[in-house]
Amino acid sequence: MSIKVNQQEHQLTKLSIENEMTIYTALEHKTTLTDHLKNNKDIQIDLSGVTEIDCAGLQLLLFLKRQAIEQQINLTLTQHSQAVVEVFELLDLGNHFGDPIVISADWKQ
Amino acid sequence: MSEFDSALKIFAQESEQLLLDMEGALLSLESDPDDSEMINSLFRAMHTIKGSSGLFGFNPIVAFTHEAESVLDKVRNNERAIDGELISVMLDSKDHTARLIEHCLSSPDQPLPDELTVASDALIKRLTGKQHTHIQAQATDTSQVHSEGGGNISIDDSWLISLDFRDNAFRNGMDPLSFIRYLKTLGEIKQILTFFPEMPHGEVMDPESCYLHFKIAFTSDASKQTIESVFEYAADDCDIKILPPNSKVNAYLQLLDSLDENHVSRLGEMLIQVGALTEHDVEHALKDQSDAQQDTAKPLGEILVEQQMVQKPVVEHALKKQEQTKQKVAAENSYIRVDADKLGHLINLVGELVISSAAMNLIVERHGLTDAGDVAASMNSLVSSIRDTALELRMVQIGETFSRFRRVVRDVSNELGKEIDLQISGGETELDKTVVEKINDPLMHLIRNSLDHGIESPAQRLAVGKPAQGIVQLNAYHESGHIVIQIADDGAGLDSDKIVEKAIANGIIKADHSLTQQEIYNLIFAAGLSTKAQATNLSGRGVGMDVVKKNIEALRGSVMIDSIPGEGTTISIQLPLTLAIIDGFMVGTEQVRYIIPLSMVDECIEMDSTESEINEIEHFINLRGHALPYLRLGEYFNTPKSNVVKKHESVVVVKFGQDRAGFVVDELHGEHQTVIKPLGKMFEKLKGITGATVLGDGNVALILDVQGLIEAAIGKRKRKPALLH
């Protein structure tokens, strides 16, 4: 399972996604993540382990964000990996998600 | 020409004259700067042009001439001196005005090209010493007009690319991101919007389906073609729209302007050529167009704009350009008007040239000048092509004459209360202009006859089981050096009993006639014969058909009539293509030479060959088992017999329509370019001869009337057995 529940304290659920977020994992991720959305009001997803993200993965993130807003869930993305940042920058989506993105100095441009 | 067009023409001529006067005045002012009359003339020129231009709304001319006029007004009131500098500025202004006028006349709806605007401003500055802004303001106005309609692009310099991926894009292995990354290598993404309005909520959302749409504002120097090629592999799973930047619109407009004006291209082709569209765009739009229902299909331009493939002004401009090109091409295709007399003179000269070239050939041959022979031969072939070309100049299509009859048919059928449809075919058939002119009246007469006598009233037609609408067909085609014009109707046909009755009553034939059906029909061409009981103002007075026949025969043509009772009548007119020069076949008998129009010669046979056998008693030639009527030309024309012992005789088999006959001659001289010289009035009645020609050696050869001679030969054959029995 590439999605781990790291911590659950008070209302906050911290999840992390590992490895790829692509068309191959999209269905599985969607099922797992929508389940978490049903049960929690405050979710943090750690993206630092995402090694590869494609458009299907991105679409899933967009979908989750919209679902979260509709269900008045506080969904934040944290620790964006280089792959995620690259895509966010390409599509200029940083503002859409509204989460602070930390760009590591180690990343190769 | 509309009144406005003719007014424009007058304006063009008037201003041209005024500008010429102005130039003359300026040049004479150079030597005599105080000539007030000249200054007045300058002022008048500018003033008049300004006034007339104002009438037509040619604002750039008004603006410019206004300045020139003001300066000249000052000169007139001695507020400004005439010097060399002013004269040279005025000369430039005069030239510039001419250019402005030319522009306004040729493309009144176009904004002033930049170079003219710049030139206007520069000249105004030189005239007045101040920068003028009126024209500039106008130029910006028009550029604003052009940028309208591009509507939903926010950034002027950017391409607007819309990517609408379809559901299956991910499943088919597409990653839209990779296309966008690739696009980035071609230029700069100014703005990108990602949206997903159709993405379902909750469970229904299939994460493997693609719901994403992108709108990208993109700046790049790449062509539309190149940009499109980025998305080449996505084409099956994505609707791609690439709208060129607004800044490109003007470039496209300019490119459209500079497109070749010599042939009309289709809208799509033009837009591809300037790079506003790619072939893919056009194919796509054309497919949409053909997929649409017949009645809902839109013009290509509209589809292109609707699909946001190109801005509206570009399409509009392209259409306008297309229209202009069409007009230009049409204008270029139209003819040079040449005085018919000049053309006639040319044809005469060519005729003389043909004769003298024949004379030269003869001398070359007589003196055995072998080296001159080659030169003569090549000149000969040139002369014959000059002859053909010269004659072609006079060839016109008969279609125009034909279409004039549409109106006649329409009017007459209304008048007669009949429903008649005129069907025209073979309108592109060409024949000599003079023949066309002379055939017009006979044709008119024959058509009126068909309308009046031929086609029955709708009630009568329905009664005999024909459709109420009658049909008159007008057809033309070429046949062995002749043009055949047919007028066919599907009317009642000719009533041969009535014709015979009338002909006997008029004393044209005797009661014990033995005429064939065909011959009876042809009686209607006899003077004073009309079977119509009641003469109308259209036809039926019994005058006319004989005139028709006479007119046609005067053109060395013939007319035949065929009719099937109840089914209709067909009149066929055979006419020679030209009246001036023909390809002839020269034969000789008893030292006299004759020309047979080559087109009528079928074959030549030597009499002593086994193929044919002459039967003097029955008066026919047995030609490979067929009886062929014949004439001995020498006998027929009663030429005195020479003492020369004949070695052998030849037969020239000629045909005219369905009829064939053999002419027995002594010598075959071969092909000969024949300039037809009409015979004088004295010889008009001669039978068997239509004209004469001058040979290279100065002798005269007679041109045979093949049709008449065939009839004579057939007649002879008929009579001979009767005499014997």
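Okay, let's start with a word I'll use a lot: buried means under 20% relative accessible area, while exposed is over 50% and partly exposed is in between, with a 1.4 Å probe and protein chains only. A second bit of vocabulary: helices (H or I, at least four residues) and strands (E, at least two) are DSSP runs, numbered from the N terminus.

Now some housekeeping. This is a predicted model, where local features need pLDDT of at least 70, side-chain atom pairs count only at pLDDT 80 or more, and totals for chains, interfaces and linings use all residues. Residues are numbered from 1 along each chain as its sequence is written, chains are lettered from A and ligands numbered from 1 in the order in which they are written, and side-chain values use heavy atoms, with hydrogens and water left out.

Right, chain B. Of its 725 residues, 44% are buried, and the chain has 23 helices and 23 strands. Take contacts, meaning heavy atoms within 4.5 Å. Among those in chain B between residues at least 6 apart in sequence, 68% join residues at least 24 apart.

Let's look at a few helices. In H5(B), the buried residues are Leu116(B), Thr117(B), Ser120(B), Asp121(B), Leu123(B), Ile124(B) and Leu127(B). That helix covers residues 114–128, and its 15 residues should span 21 Å at 1.5 Å a residue; the end C-alpha atoms are indeed 21 Å apart. The expected span, by the way, is 1.5 Å times one less than the number of residues in the helix. H4(B), residues 84–106, has 23 residues and reaches 33 Å from first C-alpha to last, close to the expected 33 Å. Its buried residues include Lys94(B), His96(B), His103(B) and Cys104(B).

Over in helix H2 of chain B, residues 36–56, you'll find Ser41(B). Ser41(B) counts as buried, because its relative accessibility is 14%. Beyond its neighbours within four places in sequence, Ser41(B) touches Asp21(B) and Ala25(B).

Now a loop residue. Leu277(B) sits between helix H10 (267–273) and helix H11 (279–291) of chain B. At 2% relative accessibility, Leu277(B) is buried too. Which residues is it in contact with, leaving aside its neighbours within four places in sequence? They are Lys224(B), Leu271(B), Ile272(B), Val282(B), Leu304(B), Met309(B) and Val310(B). Met309(B) is 32 residues away from Leu277(B) in sequence, yet their C-alpha atoms are 7.1 Å apart.

What about disulfides, that is, pairs of cysteine sulfur atoms within 2.5 Å? Over all chains, there are zero. For Cys210(B), which is in no disulfide, the nearest cysteine sulfur belongs to Cys55(A), 5.7 Å away. Cys210(B) is buried, at 1% relative accessible area. Cys238(B) is in no disulfide either; its nearest cysteine sulfur is that of Cys210(B), at 8.2 Å. Cys238(B) is buried as well, at 3%.

Last stop, a cavity. On a 1 Å grid over the protein atoms alone, that's a set of points where a 1.4 Å probe fits but cannot get out, and lining residues have an atom within 4 Å of a point. Grid points are joined across faces, edges and corners, and the volume is the space filled by probe spheres set on the points. The structure holds one cavity of 30 Å³ or more, and the largest has a volume of about 30 Å³. Among its lining residues are Leu15(A), His36(A), Ile43(A) and Leu75(A). H1(A) gives the most to this lining, with three residues.

Technical notes:
Disulfide = S-S within 2.5 Å. 1 Å grid on protein atoms, 1.4 Å probe; cavity = no way out; pocket = protein on both sides within 12 Å on 5 of 7 lines; lining within 4 Å.
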